[in-house]
Amino acid sequence: MMARLSESVSAESLLARTVRGIRGADAKALEAARARQQVLTKPEGSLGLLEDLSIRLAGMYGQVPVPVPSHPVVGLFAGDHGVWAQGVSPDPQEITTQQMVNMAAGGAAISVLSRQMGAQLWITDVGALHEVDAPIRQRCVRRGTDDISQGPAMSTDEAVQALEVGIETGLEAVEGGADILVTGEMGIANTTPASALISVFTGCSPAEVTGKGAGSDDRRHQHKIGVVSRALQVNQPDADHPVEALAKVGGFEHAAMAGYILAAASRRVPVLIDGVIACSAALTATAICPEVRDFIITSHAGAEPGITASTSALGLPALLDLWVGSGEGGALVRSL
């Protein structure tokens, strides 16, 4: 295992213990799943990505045939971002908290999709600007990050705290019976730090991975690319030090989602990622521990260029491409 944790991360921390427990796909189960494909009454490879997915699921669960996942939990993490002050989003930050209330009340897209698919929706405030009076999980590390175009988003200790919020959430879900995890997020302006993280971990330029996000026009898009470029210049994040890179240019929800993905891998449970924020979290998690890749399912390509760059870097083609622009956790309905 080639985990890349900072020397500042305690060897006895939840993060370090979780990473130490991660192993890659079960080789014997993979071999058995491939052999099973040879005796099925169909042309070899005729099911395309579905055939590949069935083999990968065998490696995740360690058994053939694979069990049918029936208890999904959507781990949705919310946070706000200091870089919003740079005008990268046309929306007010208040929408983050308003939408958390809406999600908890059952009125948001992910709320409806979760009910439709029989999934539990766990909404966690890991870094929203304002406290929410709603039935959600309160795990706030800090009330919003600092502006990444001016300096680091957070301290390394705060990044570890947010990662561990995600780990704790994922472990609790699996211990409660979840057999597949789904990532979700909410945070106005969070595609800007996501683009920065994707640029760091793919080596692509900000222009190649920065999309318009929600509702931006061409002028704001070009400005956003400039802000991402400035954040990288100011902070100099290094892909070989992923926790520090996350602290420099990420967000609290990005970190928690990365931790959630690490938790899934540590318990050998598949995790569905959806949207550009989830992609940045997946890249972060795999930079921390490359074996995590074996447990990630990329559900949907989406409209953001950062998604394509991420799925290519991960070597995990998306199952669907409906040009959906919303993240939240909609992988649930698009892939299950």
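What follows is a short conversation about a predicted model.

Biologist: In what order do the 6 strands of the open sheet stand?
Modeller: The sheet is open, and its pairing is parallel. Read across the strands, the order is S3-S2-S1-S4-S5-S6.

Biologist: Which strands are left without a neighbour on one side?
Modeller: Look for strands with a single partner strand. A strand with a single partner stands at an edge, so one side of that strand has no neighbour in the sheet. The two are S3 (137–138) and S6 (296–300).

Biologist: How many bridges join strand S1 to strand S4?
Modeller: S1 covers residues 72–79, and S4 covers residues 180–186. Pro72 stands opposite Ile180, and Val73 stands opposite Leu181. The two strands run parallel, and the count of bridges between them is 7.

Biologist: Which helix packs on the sheet touching S1, S2, S3 and S4?
Modeller: Two helices can be compared here. Helix H5 (residues 109–117) touches S1 and strand S2 (120–127), and its direction makes about 170° with that of S1. The other helix covers residues 156–175, and its direction makes about 165° with that of S2. The helix touching S1, S2, S3 and S4 is H6.

Biologist: Which residue in S2 stands opposite Phe77?
Modeller: Phe77 lies in S1. S1 and S2 pair in the parallel sense over 7 bridges. In S2, the residue opposite Phe77 is Thr124.

Biologist: How many residues of S1 are buried?
Modeller: In a regular strand the side chains alternate between the two faces of the sheet. One side of S1 holds Pro72, Val74, Leu76 and Ala78, and the other holds Val73, Gly75, Phe77 and Gly79. Both faces are covered, and these residues are all buried. The count for S1 is 8 of 8.

Biologist: Are the residues on the two faces of strand S5 buried or exposed?
Modeller: S5 covers residues 271–274. Val271 and Ile273 are on one side, with Leu272 and Asp274 on the other. Both faces are covered, and the four named residues are all buried.

Biologist: What is the bridge partner of Val182 in S5?
Modeller: S4 and S5 run parallel and are joined by 2 bridges. On its S6 side, S5 pairs in the parallel sense over 4 bridges. There, Ile297 in S6 has a residue of S5 opposite, Leu272. The partner of Val182 in S5 is also Leu272.

Biologist: Which helix makes a β-α-β unit with S5 and S6?
Modeller: The unit is right-handed. Its helix covers residues 275–288. That helix is H12.

Biologist: How many disulfides does a search of the whole structure find?
Modeller: A disulfide needs two cysteine sulfur atoms within 2.5 Å. For Cys204, the nearest cysteine sulfur is that of Cys279, 12 Å away. Cys204 is in no disulfide. For the whole structure, the search finds 0.

Biologist: Is Cys204 buried or partly exposed?
Modeller: Buried means under 20% relative accessible area. Cys204 has 23%, so Cys204 does not count as buried. Cys140, at 29%, counts as partly exposed. Cys204 is likewise partly exposed.

Biologist: Is Ser13 buried or exposed?
Modeller: Ser13 is found in the segment before helix H1 (14–20). A polar atom of the Ser13 side chain lies 3.1 Å from the backbone nitrogen of Ala16. The relative accessibility of Ser13 is 13%, so Ser13 counts as buried.

Definitions and conventions
Residues are numbered from 1 along each chain as its sequence is written. This is a predicted model: local features need pLDDT of at least 70, side-chain atom pairs count only at pLDDT 80 or more; totals for chains, interfaces and linings use all residues. Side-chain values use heavy atoms; hydrogens and water are left out. Two strands pair if DSSP finds at least two bridges between them. Contact means heavy atoms within 4.5 Å. Axes are lines fitted to C-alpha atoms, for helices over the stretch in contact, and angles run from 0 to 180 degrees between N-to-C directions. Buried means under 20% relative accessible area, exposed over 50%, partly exposed in between (1.4 Å probe, protein chains only). A crossover is right-handed if, with the strands pointing away from the viewer, the path from the first strand over the helix to the second runs clockwise. A polar contact is a pair of N or O atoms within 3.5 Å; within protein, one must be able to donate a hydrogen and the other to accept it, and residues adjacent in sequence count only if both atoms are side-chain atoms.
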